[in-house]
Amino acid sequence: MTSATLTVAAARRGNPWARRALILAAWLAFALFLLLPLFVVLSEALKQGLGTFVDAILEPDALSALKLTVLAVLISVPLNLVFGVAAAWCVSKFEFRGKSLLVTLIDLPFSVSPVIAGLIYVLLFGAQGYFGEWLSDHDIQIVFAVPGIVLATLFVTVPFVARELIPLMQEQGTQEEEAARLLGANGWQMFWHVTLPNIRWGLIYGVVLCTARAMGEFGAVSVVSGHIRGVTNTLPLHVEILYNEYNHVAAFSVASLLLLLALVILLLKQWSESRMSRLNTPADEE
Amino acid sequence: MSIEIRNVSKNFNAFKALDAINLDIQSGELVALLGPSGCGKTTLLRIIAGLETPDAGNIVFHGEDVSQHDVRDRNVGFVFQHYALFRHMTVFDNVAFGLRMKPKGERPGEQEIAEKVHELLNMVQLDWLSDRYPEQLSGGQRQRIALARALAVKPKILLLDEPFGALDAKVRKELRRWLARLHEEINLTSVFVTHDQEEAMEVADRIVVMNKGVIEQIGAPGEVYEKPASDFVYHFLGDSNRLHLGDDRHLLFRPHEVSLSREAVEEHRAAEVRDIRPLGAITRVTLKVDGQDELIEAEVVKDHDSLTGLARGEVLYFKPKARQPIVHG
Ligand SMILES: Nc1ncnc2c1ncn2[C@@H]1O[C@H](COP(=O)(O)OP(=O)(O)OP(=O)(O)O)[C@@H](O)[C@H]1O
Ligand SMILES: [Mg+2]
């Protein structure tokens, strides 16, 4: 037996010192890997005073990157919401052929490296890609343009809502829906009055995670972006460019903007999580 | 409203859950579906409600074939085994649900809905719980709320899946008497599932005994108890003893269908007393007969002559009353 398992075993038996040591270790790790970087980002950003910080954020290229990021989020999150609910509904409430294949496909973006996802889009829609000729004939640009960014973001965020809802809906079963049908509800009424309220906190949680990922995505977006300043740069890409140009203060200022958004999302996540665990005790079991 | 079940079969993959079920239920009847776990009771109930589609056969309500009708159009009240109350709605909203889902033209106003809901909640004697959520209710309370919710849309047919399954013995008894009364008052046709024979005997007008996807017997409680159509029905409807007579023949009889004596009497067989259990008004004596391992249980009134001073290990003479010997096939 290793000393670590010994400590854990001791903690479980209620040895107060072992427990305190473990909790302290957890806090130390948390401080080292999370709080310290946070602090570094902020202190670097504010190194030359608040003025430079604000300038870096209000600089046109940074603002355009922010706009693009928000656009990507606003398009991909609602689409994922709809897709996620529909997919989770099918998987958890019906039996059909190809069900496990669908579940696997939903997970695909988790297992595929985002860079490869980006490359796939370049291969499909790029100038030399399968649809490249047709697209350029019709004057449609996808890769190295905003649509490509949105598509790449969509791809990497596909699993979030569905993954969150499938186990939740499977656990809740179909009886309440059946009860609603028996009481005369049509499909839409049943969904709106019974299914949706039952999954709402899980749904919010999934949407929050999805938003975080859509905002922070780097790899896939980087491949399809082309890094055109003020046009196809999202916030993470913009941070990288600034950093590569040794413009550390600006890089960290923009980074702290992302960080701020992330914190907001973290709080939202915490809130929806607590609501979810509170409301999800099944009421129809004894 | 009468219900006819015609030749209904249902398979789950290769498994035959229901095999050519035929059953006629008269308007106003209270019928119990009785059978062991997994025999297809719930499946049959769900097919009547339209929650499940049969592979073959038809369901007819009051002369009209409703096999193709959607669940919503059958207007059937259904109480699930675990009640399936809407967990995010208060008791009031649960009961009001069916009324609020009605199409615009038929939907009563909120005022009228509130009146109806309180009327129903009063009927189940739970009006004081109307602001609670299902998780804050006891099992018996949930059960009654589920019933009130099902009755809100004035169904002609009420289907109940083990409505008292999860409750303790005393509440069960109370609720089933109450259900029987209610059934009479509001003129419903009801089918309820149970695997408790006592429950079926006490409440139902007729009992349908099922086994492995087929109906073994249909009849009034007295009929299925006194004239069981098969060994299965006999065993299922109460405790039974099997006395081997040799030559592959045996005799089935219930514990109370026995005559006991301390002295050797004509036609009585000797047996060793293994156990004596006073159970209130009756006393149960467990007997061991030579020639078979299966013990015999006899139940007699507690002040029966044969019991005075009786102790374990003594010899007692017994004789099953009536019943024809059954030849094993
Ligand atoms: N959706 C399903 N898929 C596969 N098999 C099923 C399904 N529903 C029921 N069955 C099977 O059909 C048989 C009958 O099930 P049913 O639920 O009708 O039994 P039951 O008589 O209600 O039993 P219980 O008293 O335990 O509730 C069982 O063997 C069950 O495993
Ligand atoms: Mg059942």
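**Chain contacts and the ligand 1 site**

In this predicted model, 25 residues of chain A touch 26 residues of chain B. Put together, the two chains bury about 2,500 Å² between them, with 55% of that area on carbon and sulfur atoms. The rule picks out 3 salt bridges across the interface. One of these pairs A:E178 with B:R46, whose closest N and O atoms sit 2.7 Å apart. Polar contacts turn up as well, in 8 residue pairs across the interface of chain A and chain B. On the chain A side, the elements giving two or more residues are α10 (175-182) and α11 (187-216). Of these, α10(A) makes the largest contribution, at 7 residues. Sorted by class, the chain A side comes out as 9 nonpolar, 9 polar and 7 charged residues.

Over in chain B, ligand 1 has a shell of residues that includes B:F12, B:F15, B:A17, B:E162 and B:H195, along with B:S37 through to B:T43 by way of B:G38, B:C39, B:G40, B:K41 and B:T42. Three side chains there come up against oxygen atoms of the ligand. A polar side-chain atom of B:S37 is 2.4 Å from a ligand 1 oxygen, and for B:T43 the corresponding distance is 2.5 Å. For B:K41, a side-chain N or O atom lies 2.7 Å from an oxygen of ligand 1. On its own, ligand 1 exposes 640 Å², and the protein buries 61% of that. Two elements of chain B, β2 (15-25) and α1 (41-49), each give two or more residues to the shell, with α1(B) supplying the largest share, 3 residues. By class, the shell holds 4 nonpolar, 6 polar and 2 charged residues.

Terms used:
Residues are numbered from 1 along each chain as its sequence is written. Chains are lettered from A and ligands numbered from 1 in the order in which they are written. This is a predicted model: local features need pLDDT of at least 70, side-chain atom pairs count only at pLDDT 80 or more; totals for chains, interfaces and linings use all residues. Side-chain values use heavy atoms; hydrogens and water are left out. A residue is near a molecule or strand if one of its heavy atoms lies within 4 Å of it. A polar contact is a pair of N or O atoms within 3.5 Å; within protein, one must be able to donate a hydrogen and the other to accept it, and residues adjacent in sequence count only if both atoms are side-chain atoms. Accessible areas come from the Shrake-Rupley method with a 1.4 Å probe; for residues, only the protein chains shown count as cover. Helices (H or I, at least four residues) and strands (E, at least two) are DSSP runs, numbered from the N terminus. Ala, Val, Leu, Ile, Met, Phe, Trp, Tyr, Cys and Pro count as nonpolar, Asp, Glu, Lys and Arg as charged, and the others, Gly among them, as polar. Contact means heavy atoms within 4.5 Å. Buried area is the accessible area (1.4 Å probe) that two parts lose on being put together, summed over both. A salt bridge is a side-chain nitrogen of Lys or Arg within 4 Å of a carboxyl oxygen of Asp or Glu.
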